[in-house]
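User: I would like to learn how to read the strands, the buried polar side chains and the salt bridges in a structure like this one. Could you take me through them step by step, giving the general idea before each case?

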Amino acid sequence: MSEVLVGTVEHYYPKAHAAVVRVEGDPLRVGDQVHIVGSRDDVWEEVTSLQRKHHNIEKARPGEEVGMWVERPVHRGSQVFRLNAIEA
């Protein structure tokens, strides 16, 4: 598996289990497998929910800030990578 930078965690809301992600690289989509890495984070997740301005979306594009449901807490500044299968 290879990893491609998607964005950075800007904030985490513990009651909602939601991370605000600023998308900087490739788009982020519902169903993507992501790896969230930071000084206090090493989390593997499937993107099950994305929201922009409290509306569900399927895809987030570079330049957007979106809410992403996460199972485990993450921290500001952690980077979000999408996992890509390496084709032989």
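Analyst: Let us begin with pairing: two strands count as a pair if DSSP finds at least two bridges between them. The model shown here is predicted, and in it β4 and β5 are joined in the antiparallel sense by five bridges. One place to look is Gln33, whose bridge partner in β5 is Glu46.

User: Which strands make up the open sheet, and in what order do they come?

Analyst: The open sheet has eight strands in the order β5-β4-β10-β1-β2-β9-β6-β7, and the pairing is antiparallel. Its edge strands are β5 and β7, the latter covering residues 55–57, and each of these pairs on one side only. Neighbouring strands of this sheet are turned against each other by 40° on average, with direction ignored.

User: How many bridges join β10 to β4, and how many join β10 to β1?

Analyst: Between β4 and β10, which run antiparallel, there are four bridges, and Val34 stands opposite Arg82 of β10. Between β1 and β10, also antiparallel, there are six bridges, and here Thr8 has Gln79 in β10 as its bridge partner.

User: How should I think about the side chains along a strand, and what does the side chain of His35 contact?

Analyst: In a regular strand the side chains alternate between the two faces of the sheet. His35 has its place in strand β4, and it counts as buried because its relative accessible area is 8%, where the cut-off for buried is under 20%. Its side chain makes a polar contact of 2.7 Å with the side chain of Glu3 and another of 2.4 Å with the side chain of Asp42. If neighbours within four places in sequence are left aside, the residues in contact with His35 are Glu3, Asp42, Val43, Trp44, Gln79, Val80, Phe81 and Leu83.

User: What should I check when an acidic residue is buried, and how far from Asp41 is the nearest side chain of opposite charge?

Analyst: A useful starting point is that side chains of opposite charge can pair when their charged atoms come close. Asp41, in the loop between β4 (33–37) and β5 (42–46), is buried yet has no salt bridge, and the nearest side chain of opposite charge, that of Arg40, is 6.3 Å away. The cut-off to apply is that the side-chain nitrogen must lie within 4 Å of a carboxyl oxygen.

User: Which polar partners does the side chain of Asp41 reach instead?

Analyst: The side chain of Asp41 reaches the backbone nitrogen of His75 at 2.7 Å, and a polar contact of 2.5 Å joins it to the side chain of Ser78. Not counting residues up to four places away in sequence, Asp41 touches Ile36, Pro73, Val74, His75 and Ser78.

User: How many salt bridges does the structure hold, and where in the chain are the partners Arg76 and Glu10?

Analyst: The structure holds five salt bridges. In the one between Arg76 and Glu10, the closest N and O atoms are 3.7 Å apart. This pair links distant parts of the chain, since Arg76 is in the loop between β9 (65–69) and β10 (79–84), Glu10 is in strand β1 (residues 2–13), and the two are 66 residues apart.

User: Are Arg76 and Glu10 buried or exposed?

Analyst: Arg76 counts as exposed because its relative accessibility is 65%, whereas Glu10 counts as buried because its relative accessible area is 17%.

User: What is the distance between the closest N and O atoms of Glu64 and Arg52, and why can this pair be said to tie parts of the chain together?

Analyst: Glu64 forms a salt bridge with Arg52, the closest N and O atoms being 3.0 Å apart. Glu64 lies in the loop between β8 (59–60) and β9, while Arg52 belongs to strand β6 (residues 50–52), so the pair ties together parts that are 12 residues apart in sequence. Glu64 is buried at 19% relative accessibility, and Arg52 is partly exposed at 29%.

User: Which residues are joined into one network by salt bridges that share partners?

Analyst: Salt bridges that share partners join Glu10, Arg22, Glu24 and Arg76 into one network. Within this group, Glu24 forms a salt bridge with Arg22, with the closest N and O atoms 2.4 Å apart. Glu24 is partly exposed at 35% relative accessibility, and Arg22 is partly exposed at 31%.

Definitions and conventions:
Residues are numbered from 1 along each chain as its sequence is written. This is a predicted model: local features need pLDDT of at least 70, side-chain atom pairs count only at pLDDT 80 or more; totals for chains, interfaces and linings use all residues. Side-chain values use heavy atoms; hydrogens and water are left out. Buried means under 20% relative accessible area, exposed over 50%, partly exposed in between (1.4 Å probe, protein chains only). Lys and Arg count as positive and Asp and Glu as negative; His and the chain ends are not counted. A polar contact is a pair of N or O atoms within 3.5 Å; within protein, one must be able to donate a hydrogen and the other to accept it, and residues adjacent in sequence count only if both atoms are side-chain atoms. Contact means heavy atoms within 4.5 Å. Axes are lines fitted to C-alpha atoms, for helices over the stretch in contact, and angles run from 0 to 180 degrees between N-to-C directions.
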